Amino acid sequence: MSTTGPDDRRTGRPADPPQPPQDAAGEVEVDAATPGTERARGLERASQGPADPRWPDAFARMVSGSWAVSIGAVVLAVLGGSIMIALTDEAVREASAYFFSRPGDTLGAIGSAVGGAYAALFRGAVWDVRADDAATAIRPLMNSLTYATPLIAAGLGVALAFRAGLFNIGGQGQILVAAAAAGWVGFGVDAPWPLHMLLAMVAGIAAGALWAGIAGLLKATTGAHEVIVTIMLNYIAFYGLSYLLATPGLLQAPGSANPRTPAMQDSAIMPDLLGPRYNLHLGFVFVLIAVAFVWWLLNRSTLGFTFRAVGENPAAARVAGMDVPRATVSVMLVAGGLLGLAGTTQVLGQVTTGFGSDIDAGIGFDAITVALLGRSAPLGVLAAAILFGAFKAGGSVMQASEGVPIEIVLVVQSLIVLFIAAPPLVRAVFRLPQPGPRQSGRGAGGRARRTRKEVSA
Amino acid sequence: MSTVATVPAGAPADAARHVRVVSRKAPVAFAVVTGLFALLLLLAPREGDTLFRFSSGTEVLSLPDAAVPGMVTAWVCTAIAAAVTAAAFTLLAAGRRVPLVLTLALALALLVGFLAWAGAGSSRDFSVARLVGGSILLAVPIVFGALGGVIGERVGVVNIAIEGQLLAGAFCAAVASSLTNSPVVGVVAAVLAGALVALVLGLFTITYRVNQVIVGVVLNVLVIGLTSFLYTQVLVPGAAELNQTERFGPVAIPVLSAVPVLGPALFEQSVLVYLMYLAVPAVWFAMFRTRWGLRLRAVGEHPKAADTVGIKVPRTRYRTLLIAGGIVGIGGAFYTVVSVSSFGEEMTAGAGFIALAAVIFGKWDPVRAALAALLFGFASNLEGALSVVGAPVPSQFMLMLPYVVTILAVAGLVGRSRPPAASGEPYTKE
């Protein structure tokens, strides 16, 4: 399992846009032909056909490219969500009882149920059309970015581990440990503002890094599978934090019986970025820096190259003289640090009035989906996390105003990832042309067919 | 890794050393664990007797309860553990590997010692029957999940979606059993639900060759989303008709349930538990003693070779995956037709991930994976038993213990585990 993380997708980096769009198929196709041969085949295909093949070819590339697939995937997922909403809506069920006498009623009910839900989702995630002025109307978007903040950092952590061939399911534990450390510094230490906040951040990031580092170290020294160890560390962190929160004198707020911490000191809190109207905090800037850092690490640094090499093929990396165990430990340290940053922004930015053992809010697991949707690339993770943050922000508004349970968001999110991962399926549904190498990628038969066609042409 | 004894005399020195290094882990782990336990006894001695209750009142021959001095028993157990450790080192010196029996003996000795220490001075007793019976109940979904996971990986498909299959099984069993007032229909529905999730997994991983980890993770989220959505929208308003299941009652097996000590714990259970007893050896037999199993493993280890001799790789993978999904589904049904009588949001609470850990812990072997699952069940049950006697340790640390033990065991005993060679690899026919 560890040998086949989602990082097998050689072309999943945003740094190489000039590749022909056919590679989009190869991105999830582990066994697809190498990009080089695909490119060659693309040229081969371009050289055949009518006199001026450029425009049909350009069109074919456009509709079979990854953008068309992504849009198609979103459309399909939204459609799936709509079906769920329509099927379970009370008014739709009532109207469908007399569907054959007045079908219009059913359709109208479906329209208002589905339309209302998605309108509310939009209103809660992007732009509040009912607001009086633009400053208020933009608030949902700021909410979405706030929800996206920890997801970005956590998604980066999971994605980085993916690139090195490691599956980090331990996001929850790393976030909890980081929250505990950052929280303890946040309310227990006295220091002036920027210093105190930075101290708390360092504590949180270091705690997350060390927690994930345990898994990396065990993997490197004893070969213990990181999936087991990170899952187990999740539980250990959870119960450990529960103990700290329930014990007076440790993390529990003085004079309280609840398992919650006291509020963070003002000097440790990440200030609001755009004033008190919006809850977007300084953490957003930090995670943007993290995105840039991870991009640099993966694409411009020796260490990142080692990570990627180890992820692609550990045996080859070892033969090439790379220290695989060391890379395993380092990548888990960095990944844990990023998840620690997520925990830190939760404690110092989002929930500053004291937190319980649910401070991770499912981010550790959402991060896996974010990393997968973002194709384990930093900019992809950024976009995916903002999308998921928007769903989170919009979902609660949808639940409050339309009574549609927020879980529908999970359904739509997972469908999007599922469809994006399977471009051939989306193309088949929308009757988009399948790019040539995909069909012929099945082997010599396809190539032989093509050659015959060329000969006959 | 297991061929320790057969290093030829003429082999290079570094080869022999390599083998030694690998095999030394178990004795060292034994020594560490025994040492830690002795340290605990030294640092936190406790006064008084510990009560062990062996009878539950229904056996033919009931053993009397035993009150043993806590610390003495704990030290005796430590001595036994030390002896086991010494035996392991002796075997190591003789160049032989440590058998599983020795590991189990050490675990048992330390467990009894720990219970004796924890229960010392308490007026409440440890009921052995309750310890064992409760562990088995808690382990049932994990065992079924692990069996399904093992089968899936053996045929070359990594199944991260065990959690989703369990949850889908629990949901469908709840609805079907409530509608028909028949737990059997509930189990059938759960099997179908598990297989349906497996079908989607197969569609994306086998036909569309999407990365298996991606699909597994996403299917978990999808099933959590679907079941929670339907629960809030449909099950909560219609709880009386849709979410009020008929449960399986315990059935006593005539002779076996009268066996002293363990009889009632093992053989006065519900039908699904007996199904689990049968499923584990059945899966082992099917996998290692039948043509079906040979083909399955061939497809998982070397699909190209299997294809060359005429085994249809995608078809084998689909069929096996569906069977595995059905097995996991039974585990899901356990939640709603045995454990409790209604479905709750995310009621599987990570059991699928524990099952995944059991698959790896058990080195992709059905029997070992089932044992690992039992260990998890036992560990979760232990906390309850210890809180009854008023253990001296904060309950959070008790709850944490199984996971710490697992990490130690995985790092110390299992080590580098090798999955089936083609597990996770989509197969493209050349």
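Here are a few questions and answers on how chains A and B meet in this predicted model, and on a surface patch of chain B.

Q: How many residues of chain A are in contact with chain B?
A: Contact here asks for heavy atoms within 4.5 Å. On the chain B side, 58 residues take part. Chain A brings 59 residues.

Q: What is the area buried between chain A and chain B?
A: The size of an interface is often given as the accessible area lost when the parts come together. Carbon and sulfur atoms give 75% of that area here. The total comes to about 5,100 Å².

Q: How many salt bridges does the rule find across the interface of chain A and chain B?
A: By class, the side of chain A that touches chain B does have eight charged residues, next to 13 polar and 38 nonpolar ones. Residue pairs in polar contact, with both at pLDDT 80 or more, number zero between the two chains. For salt bridges, the count is also zero.

Q: Which element gives the largest share of the side of chain A that touches chain B?
A: Several helices give two or more residues to this side, among them α4 (66-88), α10 (193-222) and α11 (226-246) of chain A. The largest share is 13 residues, and it comes from α11(A).

Q: Which element gives the largest share of the nonpolar patch on chain B?
A: The patch includes B:Val28, B:Leu43, B:Trp75 and B:Phe89, and its residues have about 760 Å² of accessible area together. Both α2 (25-43) and α3 (70-93) of chain B give two or more residues. B:Leu43 is found in helix α2. With six residues, the largest share comes from α2(B).

Definitions and conventions:
Residues are numbered from 1 along each chain as its sequence is written. Chains are lettered from A and ligands numbered from 1 in the order in which they are written. This is a predicted model: local features need pLDDT of at least 70, side-chain atom pairs count only at pLDDT 80 or more; totals for chains, interfaces and linings use all residues. Side-chain values use heavy atoms; hydrogens and water are left out. Buried area is the accessible area (1.4 Å probe) that two parts lose on being put together, summed over both. A salt bridge is a side-chain nitrogen of Lys or Arg within 4 Å of a carboxyl oxygen of Asp or Glu. A polar contact is a pair of N or O atoms within 3.5 Å; within protein, one must be able to donate a hydrogen and the other to accept it, and residues adjacent in sequence count only if both atoms are side-chain atoms. Helices (H or I, at least four residues) and strands (E, at least two) are DSSP runs, numbered from the N terminus. Ala, Val, Leu, Ile, Met, Phe, Trp, Tyr, Cys and Pro count as nonpolar, Asp, Glu, Lys and Arg as charged, and the others, Gly among them, as polar. Patches are made of residues with over 30% relative accessible area and no salt bridge: like charges are joined within 9 Å, nonpolar side chains (Val, Leu, Ile, Met, Phe, Trp, Tyr) within 5 Å. Accessible areas come from the Shrake-Rupley method with a 1.4 Å probe; for residues, only the protein chains shown count as cover.
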